[in-house]
Amino acid sequence: MDMSTYTVLPEAASLEEKLQALQAIERELPAVFIVMNVERDYVEYMSENGRQQLDVSMEDLKAMGLRYFDTYFNPHDVADYLPKITAMLTAPAEKDASVTFFQQVRLARHLDWSWHLGTTRVFMRNALGIPTHVITCAIPIDPLHHVTSKVNRLLEENNFLRRNQHIFAALTKREKEILRLMALGLSASEIAEKVHISEKTAVTHRRNIKSKIGAQSGYDLTSFAQAFDLI
């Protein structure tokens with residue numbers, strides 16, 4: 001890390017003092033607060049309501065280290081927001097910088113994921129202004145709220161893109177064009193006329209494309225083409 005990008009800051013309140021201030025008001029606030037030690041990669045503190053929901057002690061949380069993420073959070077969500085938090089931590093100090101995200105949490109004795117809206121920002125910096133701790137505020141989202149269904153759809157789309165990115169990248173420019181026309185409902189003869197190839201070649205392309213993307217129906221073709229903005 002290039003220390004020259006940071007400005008030496010005056011000594012602020014200690015970590016203990018800030019945690020004590022947080023504990024004094026946490027029961028009055030409708031959210032869970034998590035303070036993460038980003039130097040040693042463990043949970044420094046979680047508000048009591050959060051520990052109750054996860055049915056875990058502070059000692060166990062600290063002992064987990066980075067296993068904390070694998071234990072309680074959907075890895076697909078973590079893959080989205082963790083790089084953004086990392087980028088925030090390595091950027092020059094910005095007082096109000098934060099990262100906001102949706103995340104799915106596995107609560108104690110629950111089989112299903114529970115959606116939360118989280119916001120993370122720097123909680124403590126050392127004398128050079130380098131972050132040592134971050135704080136996350138997590139608020140549960142009503143499962144019947146319309147936002148939940150929209151977030152689920154977006155997550156499914158993102159997961160589909162991740163699973164199939166390598167397949168799409170392996171398609172040739174001609175195959176992507178033919179896939180687009182197939183998704184629009186054109187027949188082999190219509191595709192042949194459009195791209196100036198023989199109908200036999202068009203039939204071969206159609207068969208190969210279906211095999212490569214694992215399409216079993218016209219719906220599969222359309223979904224794949226829409227996911228990668230071909231139509």
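Which residues in H1 are buried? The close-ups below start with that helix and move on to the salt bridges, and all of them show a predicted model.

**Figure 1. The buried side of helix H1.** In H1, the buried residues are Leu15, Leu19 and Leu22. Looking down the axis of H1, you will find its buried residues within an arc of 60 degrees, so they line one face of the helix. The cover over these buried residues includes E1 together with strand E2 (42-46), strand E4 (114-125) and strand E5 (131-140).

**Figure 2. The other face of helix H1.** Here we turn to the face of H1 that points away from its buried side, where the exposed residues Gln20 and Ala24 sit. Compare them with Leu15, Leu19 and Leu22 of H1, which are buried.

**Figure 3. A salt bridge between Glu48 and Arg27.** A search of the whole structure turns up 3 salt bridges, and this view shows the one that joins Glu48 to Arg27, with 2.8 Å between the closest N and O atoms. Glu48 belongs to helix H2 (residues 48-54), while Arg27 is in the loop between helix H1 (15-25) and strand E1 (32-37), so the salt bridge ties together parts that are 21 residues apart in sequence. Glu48 is partly exposed, at 26% relative accessibility, whereas Arg27 is exposed, at 68%.

**Figure 4. A salt bridge between helices H7 and H9.** Glu175 and Lys212 meet through their side chains in a salt bridge, at 2.8 Å from N to O. This pair links distant parts of the chain, with Glu175 in helix H7 (residues 173-183) and Lys212 in helix H9 (residues 199-213), 37 residues apart. Do check the surroundings of each partner: Glu175 is buried, with a relative accessible area of 6%, and Lys212 is partly exposed, with a relative accessible area of 40%. Because Glu175 has a value under the 20% cut-off, this residue counts as buried.

**Figure 5. A salt bridge within helix H7.** Our last close-up stays in H7, where the side chains of Arg180 and Glu177 form a salt bridge with an N to O distance of 3.1 Å. These residues are 3 apart in helix H7, so about one helical turn separates them. Arg180 is partly exposed, with a relative accessible area of 27%, and Glu177 is also partly exposed, at 29% relative accessibility. As a general reminder, side chains of opposite charge can pair when their charged atoms come close.

Technical notes
Residues are numbered from 1 along each chain as its sequence is written. This is a predicted model: local features need pLDDT of at least 70, side-chain atom pairs count only at pLDDT 80 or more; totals for chains, interfaces and linings use all residues. Side-chain values use heavy atoms; hydrogens and water are left out. A salt bridge is a side-chain nitrogen of Lys or Arg within 4 Å of a carboxyl oxygen of Asp or Glu. Helices (H or I, at least four residues) and strands (E, at least two) are DSSP runs, numbered from the N terminus. Buried means under 20% relative accessible area, exposed over 50%, partly exposed in between (1.4 Å probe, protein chains only). The arc is that of the directions from the helix axis to the C-beta atoms. Contact means heavy atoms within 4.5 Å.
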